[in-house]
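Thanks for making the time this morning. I would like to take you through one model, going from a single helix outwards to the chain and then back to a few local details.

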Amino acid sequence: MNFEEEIGKILTEKHLTISTTESCTGGLLSSKLTDVSGSSSYITLNLVTYANDAKNKMLGVKKDTLDTKGAVSEECSYEMAKGLYELTHSDICVSTTGIAGPTGGTKDKAVGLMYSTIFTPKKYKIYKIILSSDIPRIEMKEKFTQEVLKNIYEFVK
């Protein structure tokens, strides 16, 4: 199934908008969503907020969250998506934050860990995705992105 095309159909049918803010996926989610012809009618804004400073300044992720929980956390993922909503007022806001590797992981947060939040004004859902740490970085980003697309599809259908 081509999730990005199906998402586009659903968003168009329901007259919904979507925005994304990405860290570990580095814009790949945005790229996939904008690969669909006509996506400009439902995509409001897509950001790559890779640095913690960008997460804080652009999305309002609390410095305390970044310092105590880290950028790769449920809390940060939620604050990214909620901050994106406050910026765009899109019907659906999606965040990604994780560790694509091959370096950078810790015992508590291994390479292959990602959090993603789908946020709407009425509800939200935080996803924890764990992939094998031995997947090459480019493939890891692709797999993270496919998981998020699948989750968006399930969320909106």
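Let me begin with α5 in this predicted model, whose buried residues are Cys76, Ser77, Glu79, Met80, Ala81, Gly83, Leu84, Tyr85 and Thr88. In an α-helix there are 3.6 residues to a turn, so residues three or four places apart point the same way. What do the buried residues of α5 pack against? Their partners are β1, β2, which covers 43-48, α3 at 52-59, α4 at 63-68, and also β3 and β4. The helix itself has 15 residues and reaches 21 Å from its first C-alpha to its last, which is close to the 21 Å expected at 1.5 Å a residue.

Just after α5 comes histidine 89, whose phi is positive, near 55°, and this residue sits in the loop between α5 and β3. With a relative accessibility of 52%, histidine 89 counts as exposed, because the cut-off for that class is over 50%. A second case of this kind is histidine 15, which also is not a glycine and has a positive phi of about 55°; its place is the loop between α1, residues 3-14, and β1, residues 18-22. Is histidine 15 buried or exposed? At 70% relative accessibility, histidine 15 counts as exposed. For background, most residues other than glycine have a negative phi, and most peptide bonds are trans. On the peptide side, please look at the bond joining glycine 101 and proline 102, which is cis, with omega about 5°; proline 102 lies in the loop between β3, at 92-98, and β4, at 113-119.

Now to α1, where the buried residues are Phe3, Glu4, Ile7, Gly8, Ile10 and Leu11, and where these residues pack against β1, α2 at 28-34, β3 and α6 at 137-156. The 12 residues of α1 should span 16 Å at 1.5 Å a residue, and the end C-alpha atoms are 16 Å apart, so the two values agree. Within α1 I would single out isoleucine 10, which is buried, with a relative accessible area of 11%. Which residues does isoleucine 10 contact, once its neighbours within four places in sequence are left aside? They are Tyr153, Val156 and Lys157. As a link back to α5, isoleucine 10 and glycine 83 are 73 residues apart in sequence, and their C-alpha atoms are 24 Å apart in space.

Stepping back to the whole chain, we have six helices and five strands, which follow the pattern α-β-α-β-α-α-α-β-β-β-α along the sequence. The radius of gyration is 15 Å, close to the 15 Å that the globule rule gives for 157 residues, so the chain is as compact as a globular protein of that length. Along the principal axes, the C-alpha trace spans about 45 × 30 × 20 Å. Of the 157 residues, 51% are buried, and among contacts between residues at least 6 apart in sequence, 62% join residues at least 24 apart.

Finally, the surface: the accessible area of the protein chain comes to about 7,800 Å², of which 50% belongs to carbon and sulfur atoms. As for charge, the chain carries 20 positive and 20 negative charges, and the mean positions of these two sets are 3 Å apart.

Terms used
Residues are numbered from 1 along each chain as its sequence is written. This is a predicted model: local features need pLDDT of at least 70, side-chain atom pairs count only at pLDDT 80 or more; totals for chains, interfaces and linings use all residues. Side-chain values use heavy atoms; hydrogens and water are left out. Helices (H or I, at least four residues) and strands (E, at least two) are DSSP runs, numbered from the N terminus. The radius of gyration is taken over C-alpha atoms; the globule rule is 2.2 Å times the number of residues to the power 0.38. Buried means under 20% relative accessible area, exposed over 50%, partly exposed in between (1.4 Å probe, protein chains only). Contact means heavy atoms within 4.5 Å. Accessible areas come from the Shrake-Rupley method with a 1.4 Å probe; for residues, only the protein chains shown count as cover. Lys and Arg count as positive and Asp and Glu as negative; His and the chain ends are not counted. The place of a charge is taken as NZ of Lys, CZ of Arg, CG of Asp or CD of Glu. The expected span of a helix is 1.5 Å times one less than its number of residues.
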